[in-house]
Amino acid sequence: YFQIGQATGIITTTIDLRAATEANIVLTVSVTDGTHTIDDFDIFITIDNLNDRPQITNLPASVTIPETTVGGFQLITLTFTDVDTYVSQLIPTCTVVPAGDQYKFTYVSGTHKIQVATLSGATSPFDFETTSEYEITCVLNDGFQNSVGDVLTVNIENVNEAPQFDEVAYWCILTESSAGVSVCDLDASIVDPEGDTISSVTFQAGNNSQRFVYDRSLSTVTFGVDYDVDNNNMPTSVTLQLEAKDVNGASNHVPVYITINDANDNTCKFGATSV
Ligand SMILES: [Ca+2]
Ligand SMILES: [Ca+2]
Ligand SMILES: [Ca+2]
Ligand SMILES: [Ca+2]
C-alpha cells in the first residue's frame, strides 16, 4: 500500500486505501550510507474506517427445480449490504458454469431477482439428461471491494418424459377387406427422449379402434376384423389416437386419420341396355 521516496524519505500511498483490506500495517524502514545500514525502524500504520466488502447476504445457497421449469421462474431474490459504497448502485455480475449456459438465466436489476431465462417457443432451457447442476457465481463491487464466495447452486431434477413421435399426425388409406389383408404404412418413428424402453404402442379405446390393429415392428395399420363399408356397415373414415407409453408410465399420443376405400366386392346390378 505504501512507498517511500529514497531522496525525500516521504512515505506515500500506492493505492486508493478504499481498496485496502488490512487495517494494521507495519512498515520497516531502513537507511544506508553505503557502509552501514539501520533497519530497526518500524512504523505502525492503522487505516481507520476500512472500506467493508459488499456482501450478498443470502448466498451461498442452492435451489432444486424440475427439468421442465420454463422461463420467468424466480430462483432467488438477492439481498445486499454494504456500509460504505462508492458506486451509485450495487449491481452484481453473475457468471454461470457451465460457461456456455449463461443464456439460461437472467438477472433483473430492478428486483434483484435471478430467474430462468425465457427462450423462444416457451420451452424449458433445462435437460436433466444433459446437465443436472449449474453454479451461478455473483460478485458485487462497491467501487473498490468485491464480495466473495457468493454462489447459487441450481440442481435440476429429473422428470420422466413421454415418448415422442416424429410427426404430429399420421394418415392411412386402407381398402375394405378381411382382417389383416389391407395394410397401410405409417412409417412412424417413436423414441423416448431419455432412451427409456417404450413398453406399448396401441390405439386408444373408442371410435371403432377395436376394428384396427397397429403393428409396432412394421409401423403398419390393418383391420382387426373383416371390414365392410357397404350399406354403411362401417365408417369410411376413422380418426384414432395412437398412444406410446414408456416403462415409467409416461405416455403421449397423436391422431391417425384412416380412410377406408370401398372395394368392388358386391355383385353389380345391370339395367336394361340397348346397343
Ligand atoms: Ca464497502
Ligand atoms: Ca430431458
Ligand atoms: Ca428426464
Ligand atoms: Ca421417458
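A disulfide is a pair of cysteine sulfur atoms within 2.5 Å. The exercises below apply this to a predicted model.

**Exercise 1. Test C94 and C138 for a disulfide, then give its handedness.**

Step 1. The sulfur atoms of C94 and C138 are 2.1 Å apart. The cut-off is 2.5 Å. C94 and C138 therefore form a disulfide.

Step 2. The torsion about the S-S bond of C94 and C138 is about 110 degrees, so this disulfide is right-handed.

Step 3. Place the two ends. C94 sits in strand β9 (residues 93–97) and C138 in strand β12 (residues 133–139). They are 44 residues apart, and the pair links distant parts of the chain.

Step 4. Check burial. C94 and C138 are both buried.

**Exercise 2. Do the same for C172 and C184.**

Step 1. Here the sulfur atoms lie 1.9 Å apart, and C172 and C184 form a disulfide.

Step 2. The S-S torsion of C172 and C184 is about -105 degrees, so the bond is left-handed.

Step 3. C172 belongs to strand β15 (residues 170–175), C184 to strand β16 (residues 183–185). The separation is 12 residues, and this pair too links distant parts of the chain.

Step 4. C172 is buried, as is C184.

**Exercise 3. State the disulfide count and the pairing pattern.**

Step 1. The count is two disulfides.

Step 2. Number the bonded cysteines in sequence order. The pairing reads 1-2, 3-4.

**Exercise 4. Find the salt bridges and classify their residues as buried, partly exposed or exposed.**

Step 1. Searching the whole structure gives two salt bridges.

Step 2. One joins the side chains of R18 and D16, at 2.8 Å from N to O. The other joins those of K104 and D101, at 3.6 Å from N to O. The cut-off is 4 Å.

Step 3. Apply the burial limits: under 20% relative accessible area is buried, over 50% is exposed. R18 has 32%, so it is partly exposed. D16 has 34%, so D16 is partly exposed too.

Step 4. K104 has a relative accessible area of 8% and is therefore buried. D101, at 12%, is buried.

**Exercise 5. Give the domain bounds and the distance between the centres of domain 2 and domain 3.**

Step 1. Domain 1 covers 2–46, domain 2 covers 55–157, and domain 3 covers 164–261.

Step 2. The C-alpha centres of domain 2 and domain 3 are 47 Å apart.

Note on methods: Residues are numbered from 1 along each chain as its sequence is written. Chains are lettered from A and ligands numbered from 1 in the order in which they are written. This is a predicted model: local features need pLDDT of at least 70, side-chain atom pairs count only at pLDDT 80 or more; totals for chains, interfaces and linings use all residues. Side-chain values use heavy atoms; hydrogens and water are left out. Domain bounds come from an automatic or database domain assignment. Helices (H or I, at least four residues) and strands (E, at least two) are DSSP runs, numbered from the N terminus. Buried means under 20% relative accessible area, exposed over 50%, partly exposed in between (1.4 Å probe, protein chains only).
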